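Student: I have a model open in front of me and would like to learn how to read it. Please take me through it one feature at a time.

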Amino acid sequence: MNIDMWIRALKAARSSAGVSQEGLAALIPWSTSTIAAIETGRRRPTMEFAIAADKALDTGGLLAEMLELVNRERTENWFAAWRGFEEHAVGLRAFEPCLIPGMLQTEDYARAIISAGGLQPEAEVEKLVALRMERQKMLFREDPPFCLFVLDQSALTRLVGGRAVRDAQLAHLLELAGLRHVRIHVIPDDHGEHVGLTGGFMLADLPDHDHVVYLENVARGQVVDDPDLISLVKRKWDSLLGAALSEQASLELITKLKVTP
């Protein structure tokens with residue numbers, strides 16, 4: 001089963017219930033533009049959306065079951081859904097408490113992270129490193145999204161790959177911060193506790209003024225567009241940005257942490 005079949009099932013369910021896109025938007029907390037984007041294949045549906053649509057259209061859970069089958073068949077490419085949102089975003093906001101975000105990693109830093117523990121075969125490690133480097137090309141295209149990153153200081157001081165790799169990674173951060181569309185802020189150690197210590201996230205601002213969140217866990221990532229969760233993430237983001245140093249002070253801290261000038 002592919003996503004096109006799922007879209008046809010959604011349209012058929014709407015038609016049978018006599019519900020327009022606008023009518024469905026009035027029944028669930030997703031906008032008409034979001035529903036249109038999903039039905040034209042410009043935006044991938046999330047499980048939260050499928051469950052809400054099932055309830056609104058009284059389909060007995062059919063849409064959620066079908067989407068689970070679609071997702072199961074594409075397990076190896078689970079990150080593709082987020083990549084689609086990321087590539088079409090007009091803005092990206094990311095917080096990371098422990099590591100440098102993948103979008104900002106050097107190749108050696110990424111390799112050290114991906115190969116940690118020896119859980120991945122060497123060929124798979126190199127494949128994943130290459131994919132991560134390919135993803136970063138977004139920062140250098142003609143129309144890049146505005147990217148705002150907030151890092152905990154512990155992400156800067158952790159010796160990933162050793163001192164030389166970490167030092168090169170800090171230098172890379174300073175280089176990327178020189179791009180007109182990239183901003184980096186750091187929450188200093190002496191701030192103490194903050195709302196981001198429970199985990200990192202990425203928030204994509206889409207062209208239709210909608211938003212999607214990417215959450216990462218120990219096994220795999222999750223793309224979420226549930227309005228209540230997005231509202232919570234936005235509040236967390238505002239709190240984290242308020243706890244962070246200014247852009248200039250953050251870059252000065254990164255420079256200070258570098259071993260070599």
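Tutor: Let's begin in a loop: aspartate 58 sits between α4 (47-57) and α5 (62-73). Helices (H or I, at least four residues) and strands (E, at least two) are DSSP runs, numbered from the N terminus. This is a predicted model, where local features need pLDDT of at least 70 and side-chain atom pairs count only at pLDDT 80 or more, while totals for chains, interfaces and linings use all residues. Residues are numbered from 1 along each chain as its sequence is written, and side-chain values use heavy atoms, with hydrogens and water left out.

Student: What is phi of aspartate 58 near?

Tutor: As a rule, most residues other than glycine have a negative phi. Aspartate 58 has a positive phi, near 55°, although the residue is not glycine.

Student: Is aspartate 58 buried or exposed?

Tutor: Buried means under 20% relative accessible area, exposed over 50%, and partly exposed in between (1.4 Å probe, protein chains only). Aspartate 58 has a relative accessible area of 70%, so this residue is exposed. Alanine 26, in helix α2 (residues 21-27), is exposed too, at 67%. The C-alpha atoms of alanine 26 and alanine 56 are 9.6 Å apart, with their positions 30 residues apart along the chain.

Student: How is pLDDT spread over the protein chain?

Tutor: pLDDT is the predictor's confidence in each residue, from 0 to 100. The protein chain has an average of 90, and 95% of its residues score at least 70. Among the elements, helix α6 (residues 80-88) has the lowest mean, 79, and β3 the highest, 98. Where pLDDT is low, the predicted coordinates should not be read in detail.

Student: Now the sheet. In which order do the six strands lie?

Tutor: Strands of a sheet pair through backbone hydrogen bonds, either parallel or antiparallel. Here two strands count as paired if DSSP finds at least two bridges between them. The sheet is open and its pairing mixed, with the order β3-β2-β1-β4-β5-β6. At the edges are β3 (182-187) and β6 (221-224), each with a single partner strand, so one side of each lacks a neighbour in the sheet.

Student: Which strands does β1 pair with, and in what sense?

Tutor: β1 (residues 91-96) pairs with β2 (residues 146-152) in the parallel sense over six bridges; in this pairing, phenylalanine 95 stands opposite valine 150. With β4, β1 runs antiparallel, and five bridges join the two; there glycine 91 stands opposite aspartate 205. Further out, β2 and β3 are parallel over six bridges, and aspartate 152 has isoleucine 187 of β3 as its bridge partner.

Student: How many residues of β1 are buried?

Tutor: In a regular strand the side chains alternate between the two faces of the sheet. In β1, six of the six residues are buried, so this strand is largely enclosed by the rest of the structure. Gly91, Arg93 and Phe95 lie on one side, with Leu92, Ala94 and Glu96 on the other. The edge strand β3 is mostly covered, with five of its six residues buried.

Student: How many aromatic pairs does the structure hold?

Tutor: A pair of aromatic rings is described by the distance of the centres and the angle of the planes. There are five pairs in the structure. Rings of Phe, Tyr and Trp (its six-membered ring) pair if their centres lie within 6.5 Å; planes under 30 degrees apart count as stacked, over 60 as edge-to-face and the rest as tilted. Phenylalanine 95 and phenylalanine 201 have ring centres 6.2 Å apart and planes at 40°, so this pair is tilted. The two are 106 residues apart, in strands β1 and β4 (residues 201-205), and both are buried. Phenylalanine 201 also pairs edge-to-face with tryptophan 237, at 6.4 Å centre to centre and 75° between the planes. Tryptophan 237 belongs to helix α11 (residues 227-243), 36 residues from phenylalanine 201. Elsewhere, ring pairs link Trp6, Trp30 and Phe49 into a cluster.

Student: Which side chains does histidine 211 join in polar contacts?

Tutor: A polar contact is a pair of N or O atoms within 3.5 Å; within protein, one must be able to donate a hydrogen and the other to accept it, and residues adjacent in sequence count only if both atoms are side-chain atoms. Histidine 211, in β5 (residues 211-216), has such contacts with the side chains of aspartate 205 at 2.9 Å and lysine 234 at 3.0 Å. Histidine 211 has 16% relative accessibility, so this residue counts as buried. Leaving out residues up to four places away in sequence, the residues in contact with histidine 211 (heavy atoms within 4.5 Å) include Arg43, Arg93 and Ile230.
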